[in-house]
Amino acid sequence: MEYLVKPQIICHIEKSVSYSLFDAKWIPSSAKFVTFGSKPRGTGIIQIYEIADGELKVIKDIQHPNSIKCGTFRASNNSDRHFATGDFKGKLQIYDIENPAIPIYTANAHKEIINSIDGVAGNKIGMGPPELVTGSRDGAVKVWDPRQNDLPVATMEPNICEARRDCWTVAFGNSYNSEERIVVSGYDNGDIKMLDLKTMSLRWECNIKNGVCCLEFDRDDILMNKLVATTLESKFYVFDLRTQHRKKGFSYLCEKAHKSTVWLVRHLPQNRDIFATCGGGGSICLWKYKYPSKRRHLDSEGAEEGSMGTIHSLQNANLSSQPISSLNWSPEKLGLAVCTSFDQCLRVLITTKLNMC
């Protein structure tokens, strides 16, 4: 009976493709989604799919000279529905979903592959300008305003004499008004850095000993609340960001999962305390964070320190024999998601009973 009460992760539709899939994103205010990938000869591909009669149908197929690693709609409003991509040659480009054959914005953003891209404030009135952040193998993290020219509005990179670490993931957060903005970045050596764009200063940094595969705030448009970091060697971390200790930084807890690299974390748009992690063995795990009775306490010196809650496993499922490369929840339909994996399959998932968690 307990099994029937838990959420169930169901693979609703599965489709094989002839190229490597790296990312997929739902098109805002629609039942369609976009996939980004690489053809066998190193060229890129963008495909737009719709769900019709229980099947996936390609409605647009766009070829690209370079393999495409990542994409986002998050810096665009729902009426324009522009999406931004980062490719293997370090180019940042923005496309109109109605005419995606020719980019409407191009910048030679990085010297090497763009591993991660995120956007903020595109459809949030009063939450500041629409901006993009990119992280690259060249070690640089750059913030872009598409309304300006092809120069970044902010750059975070090591000095000439410092070693350049591969930046695997970037994310926006703390965008609760027109002035505040935080960017976090994760690196292959386990470093996590938090840049405050309002003061243009490094607010916090730590090292969690394993390469940081993915970072995500539970919500980007509120006073920053929680941050989840996934890593190599089967671990992920949950940081409570409401209280920053002057010496210890943010409190956190660590969980082991998947028995493999934890490639991704994606929070449910309709409930910020529920999130999914995706593993290198093709598994997906669903979790819920439960807050403590008090979120802060005083340490032995009288300084405020965050108090951590607990993480509860809701469900898990094995979807593939290969790592899951992306997962994207639908913002409109609770429990609907699209994911891609390195077995060249894309899958539409339905997760039930999430409103009962």
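**Exercise 1.** Which side chain meets Asp 118 in a salt bridge, and what is the N to O distance? Then work out which parts of the chain the pair ties together.

*Solution.*
Step 1: Keep in mind that this is a predicted model. In it, the side chain of Asp 118 meets that of Arg 74, at 2.7 Å from N to O. That passes the test for a salt bridge, because the cut-off is 4 Å.

Step 2: Now place the two ends. Asp 118 belongs to strand β10 (residues 114-120), while Arg 74 sits in the loop between β6 (68-72) and β7 (82-87), so the bridge ties together parts 44 residues apart in sequence.

Step 3: Check burial. Asp 118 has a relative accessible area of 9%, so it is buried. Arg 74 comes out at 38%, so it is partly exposed.

**Exercise 2.** Find the salt-bridge partner of Asp 166, and say where each of the two residues lies.

*Solution.*
Step 1: The partner is Arg 137, and the closest N and O atoms are 3.9 Å apart. With a cut-off of 4 Å, the pair still counts.

Step 2: Asp 166 is in the loop between β13 (154-156) and β14 (167-173). Arg 137 is in the loop between β11 (131-136) and β12 (141-144). The two are 29 residues apart, and the pair links distant parts of the chain.

Step 3: Asp 166 is buried, as its relative accessible area is 16%; Arg 137, at 43%, is partly exposed.

**Exercise 3.** Are Asp 23 and Lys 25 buried or exposed, and how far apart are their closest N and O atoms?

*Solution.*
Step 1: Asp 23 and Lys 25 form a salt bridge, with 2.8 Å between the closest N and O atoms.

Step 2: Asp 23 is buried, and Lys 25 is buried too.

Step 3: Zoom out to the whole structure, where the search turns up 23 salt bridges. Some share partners: Glu 14, Asp 343 and Arg 347 are joined that way into one network.

**Exercise 4.** Go back to β10, the strand that holds Asp 118. In what order do the strands of its open sheet run, and which are the edge strands?

*Solution.*
Step 1: The sheet has 4 strands, ordered β10-β11-β12-β13, with antiparallel pairing.

Step 2: β10 and β13 are the edges, since each one pairs on one side only.

Step 3: From one strand to the next, the twist averages 15 degrees.

Step 4: Look at the β10 and β11 pair. These strands run antiparallel over 6 bridges, and Gly 119 has Leu 132 in β11 as its bridge partner.

Notes:
Residues numbered from 1 in each chain as written. Predicted model: local features only at pLDDT ≥ 70, side-chain atom pairs only at ≥ 80, totals over all residues. Heavy atoms only, no water. Buried < 20%, exposed > 50% of the residue type's maximum accessible area, 1.4 Å probe, protein only. Pairing = 2+ DSSP bridges. Axes fitted to C-alpha atoms, helices over the stretch in contact; angles between N-to-C directions.
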